[in-house]
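Q: I would like a close look at one part of this model, with its setting. Please start with the charged side chains and work inward.

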Amino acid sequence: MTNIRSGSYEHDLSVMGCGGNNAKIEGELKSLEKIDTLCGNEFHGYLATIETMRLSGVADEVRVVFAEDMIDNAKSENAPILENGCGISVSGAVHTLRDPGSCRVRVFVLAERVELNEVPFMTDQVTLRGVIASKPKYRKTPMGRQITEIFIAAKNEITGKDSFIPCICWQKTAIEVADWGESDKVELVGRFQSRQFEKVIDKDKDVRELRTVYEISVHRINRLEIQEES
């Protein structure tokens, strides 16, 4: 049985003052892989996939990275065995790294705390503060939905440089954000989401590849300069 915590989907900009990059993910463990490198960087720990559920019933996959000693710290006398299907709770921050092998950007949560739950709860909330790294891109989907894609620059704790975190705004928010500019400071609340699409590899031979995009779906966003001027 899967439970949705009360308040898990209530997003309020007032929580943003607690930090610049925070993610709270609770869900069902789907995969766990021991790793010694992460996108070319030395990292001894684990790469996990956690499944969370939207209120609509659509499942999202969240990739999570955590140090190897966090599993031992997460275990207790009453904790479940860490295996696929168990409940897991992660607190941390959203990061991105470019994989030197595939040249693809990996989006994941770098965990600061891991807990195991007897029953999988479903929580998926991200608060993020940073600057818009490039000009927002506005478009309409084939279904007519208005979206604006932005990248938020935030400090990467692994490299010491910046993560460029992909975020997507919807409908009225998309129209507003489309007019914002590169280097604008913003803060937002959203959720980590995954979606699949077909990448055309060879148009003449109609060769396509199914890929998964990981991004932050924005619920609310403020431009900080506007707040400070008002």
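With which residue does Glu28 form a salt bridge, and how far apart are the closest N and O atoms?

A: Glu28 forms a salt bridge with Lys30. The closest N and O atoms are 3.3 Å apart. Keep in mind that this is a predicted model, so the distance is computed from predicted coordinates.

Take the two partners in turn. Glu28 has a relative accessible area of 19% and counts as buried, because the cut-off is under 20%. Lys30 is partly exposed, at 35%. The pair therefore joins a buried acid to a partly exposed base.

The general idea is simple. Side chains of opposite charge can pair when their charged atoms come close.

How many salt bridges does a search of the whole structure find? The search finds twelve. Two others deserve a look beside the Glu28 pair.

Start with Arg54 and Asp60. Their closest N and O atoms are 2.7 Å apart. Arg54 is partly exposed, with a relative accessible area of 23%. Asp60 is buried, at 0%. Here too a buried acid meets a partly exposed base. This pair also belongs to a network of salt bridges. The linked residues are Arg54, Asp60, Asp124 and Arg191.

Next come Glu149 and Arg195. Their side chains meet in a salt bridge at 4.0 Å, N to O. Glu149 sits in strand E8, residues 146–155. Arg195 sits in strand E10, residues 185–202. The two are 46 residues apart in sequence, so the salt bridge ties together distant parts of the chain. Both ends are partly exposed: Glu149 at 23%, Arg195 at 27%.

Now the framework. The chain has three helices and eleven strands. Along the sequence, the pattern reads β-β-β-α-β-β-β-β-β-β-α-β-β-α. Among contacts with a separation of 6 or more, 64% involve residues 24 or more positions apart. Buried residues make up 43% of the 230 residues in the chain.

Strand E5 covers residues 105–117. Follow its pairings. E4 and E5 run antiparallel and are joined by twelve bridges. They form a hairpin, with six residues between the strands. In that turn, Cys103 has a positive phi of about 65 degrees. E3, residues 59–67, pairs with E5 in the parallel sense over two bridges. Val109 in E5 has partners on both counts: Val94 stands opposite this residue, and so does Val64.

The range of E3 includes the position of Asp60. Asp60 is the acid that forms a salt bridge with Arg54.

His95 is found in E4, which spans residues 87–98. Its relative accessible area is 1%, so His95 is buried. The side chain of His95 reaches the backbone oxygen of Ala93 at 3.3 Å. Leaving out residues up to four places away in sequence, His95 touches Arg106, Val107, Phe108, Leu110, Lys155, Asn156, Glu157 and Ser163.

Move on to the nonpolar interior. The largest nonpolar core holds 40 residues. Which members touch the most others? They are Phe66, Cys167 and Phe192. E5 gives the most to this core, with five residues. A second, separate core has eight residues, including Cys39, Val65, Leu97 and Leu110. Leu110 is also one of the residues that His95 touches.

Look at Phe66 more closely. Neighbours within four places in sequence are set aside here. Phe66 is then in contact with Leu32, Phe43, Gly45, Tyr46, Ala48, Ile71, Ala111 and Val114.

Cys167 is buried as well, at 3% relative accessibility. Why does Cys167 form no bond with the closest cysteine sulfur? That sulfur, in Cys169, is 7.1 Å away, which is too far. A disulfide would need the sulfur atoms within 2.5 Å. The count for the structure comes to zero disulfides.

Back to the starting point. Glu28 and Lys30 form one salt bridge, at 3.3 Å, and the search of the whole structure gives twelve. Glu28 is the buried end, and Lys30 is the partly exposed end.

Methods: Residues numbered from 1 in each chain as written. Predicted model: local features only at pLDDT ≥ 70, side-chain atom pairs only at ≥ 80, totals over all residues. Heavy atoms only, no water. Core = buried A, V, L, I, M, F, W, Y, C linked by side-chain atoms within 4.5 Å. Buried < 20%, exposed > 50% of the residue type's maximum accessible area, 1.4 Å probe, protein only. Helix = DSSP H or I, 4+ residues; strand = E, 2+ residues; numbered from the N terminus. Contact = heavy atoms within 4.5 Å. Polar contact = N/O pair within 3.5 Å; in protein donor to acceptor, adjacent residues only side chain to side chain. Pairing = 2+ DSSP bridges.
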